[in-house]
Amino acid sequence: MKLINIALDGPAAAGKSTIAKRVAEQLSMIYVDTGAMYRAITYKYLKQNKTDDFEALINSTELYLTYDNEKGQRIILDNTDVTDYLRENDVTQNVSYVASKEPVRTFAVKKQKELADNKGIVMDGRDIGTVVLPNAELKVYMIASVEERAQRRQKDNELRGIDSNLEQLKEEIAERDHYDMNREISPLTKADDAVTLDTTGKSIETVTDEILTMVKNI
Ligand code: C5P
């Protein structure tokens, strides 16, 4: 098979990372979760008591990705593995704000482009097809109803032993989408040449197979 990059974009909790991991596994490609990079920078922002000097924050930040056979992508921030903290509520509630800042995006996008230089990458995020990998061989824009996305997130939380309220999850998801779609720099939007894939009511296997079929047809 020829070497390709796959860009997977879409709103919060649309199942992008679950599907991207499966597709990458099936095709022996590497999965890159770009949201985790923005989450790691947000984690540091919170540790620094929300100081709004993003230039200084980025200039003092070292961030890289490693891969663990069992746990997958790990995020190393300033020599510490912070991956396990990145799904915490505080991080989720502040990440869209931090990700809207120019120094943060310039820093993250540069790293993401470098990672995809040699191809063989399945990358998920919000601006992958539009900004990070505009020449990706396949671009998919994954969507699902807010109701279903909140239900999926609630199930995820349950598995992690976290109690959550469905109505509150729906509100949080809709709010984050609104912020991501309306920010000035690289807002979440479908690339003109992306295929829209509505995953509402579909199983993980079905969606994975649909993308694998798209790859075969490139
Ligand atoms: O995908 P995930 O929910 O982990 O993304 C967290 C947040 O990071 C998003 O809501 C968005 O604000 C930001 N993000 C982004 N660009 C990306 C990936 C994530 O702005 N490529």
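In the predicted model, an oxygen atom of the ligand is placed 2.7 Å from an N or O atom in the side chain of Arg39. Arg183 likewise brings a polar side-chain atom to 2.7 Å from an oxygen atom of the ligand, and for Arg126 the corresponding distance between a polar side-chain atom and a ligand oxygen atom is 3.0 Å. The surroundings of the ligand comprise 16 residues, of which Arg39, Arg105, Arg176, Asp180 and Arg183 come nearest.

Arg176, one of these nearest residues, also takes part in the contact between helices H7 and H8, on the H8 side. Two packed helices are described by the angle between their axes and the distance between the axes. For H7, which spans residues 146–159, and H8, which spans residues 166–182, the angle is about 115° and the axes are 9 Å apart; the crossing is right-handed. On H7 the contact is made by Val146, Glu147, Arg149, Ala150, Gln151, Arg153, Gln154 and Asn157, and on H8 by Leu166, Leu169, Lys170, Ile173, Arg176 and Asp177. Sorted by class, the residues of this contact are 5 nonpolar, 3 polar and 6 charged.

The loop that connects H8 to strand S8 (195–198) contains Asp193. When residues up to four places away in sequence are set aside, Asp193 touches Pro134 and Lys139, and the side chains of Asp193 and Lys139 are joined by a polar contact of 3.0 Å. Asp193 and Tyr141, although separated by 52 residues in sequence, have their C-alpha atoms 9.7 Å apart in space.

With regard to annotation, an unreviewed UniProt entry lists residues 6–216 as "domain: Cytidylate kinase". Over residues 6–216 of the model, helix accounts for 50% of the chain and strand for 18%, while the C-alpha atoms at the two ends are 12 Å apart.

Terms used:
Residues are numbered from 1 along each chain as its sequence is written. This is a predicted model: local features need pLDDT of at least 70, side-chain atom pairs count only at pLDDT 80 or more; totals for chains, interfaces and linings use all residues. Side-chain values use heavy atoms; hydrogens and water are left out. Axes are lines fitted to C-alpha atoms, for helices over the stretch in contact, and angles run from 0 to 180 degrees between N-to-C directions. Helices (H or I, at least four residues) and strands (E, at least two) are DSSP runs, numbered from the N terminus. A crossing is left-handed if the near helix is turned anticlockwise from the far one by less than a right angle, and right-handed if clockwise. Contact means heavy atoms within 4.5 Å. Ala, Val, Leu, Ile, Met, Phe, Trp, Tyr, Cys and Pro count as nonpolar, Asp, Glu, Lys and Arg as charged, and the others, Gly among them, as polar. UniProt positions are given in the numbering used here, feature names are shortened, and annotations may be inferred rather than shown by experiment. A residue is near a molecule or strand if one of its heavy atoms lies within 4 Å of it. A polar contact is a pair of N or O atoms within 3.5 Å; within protein, one must be able to donate a hydrogen and the other to accept it, and residues adjacent in sequence count only if both atoms are side-chain atoms.
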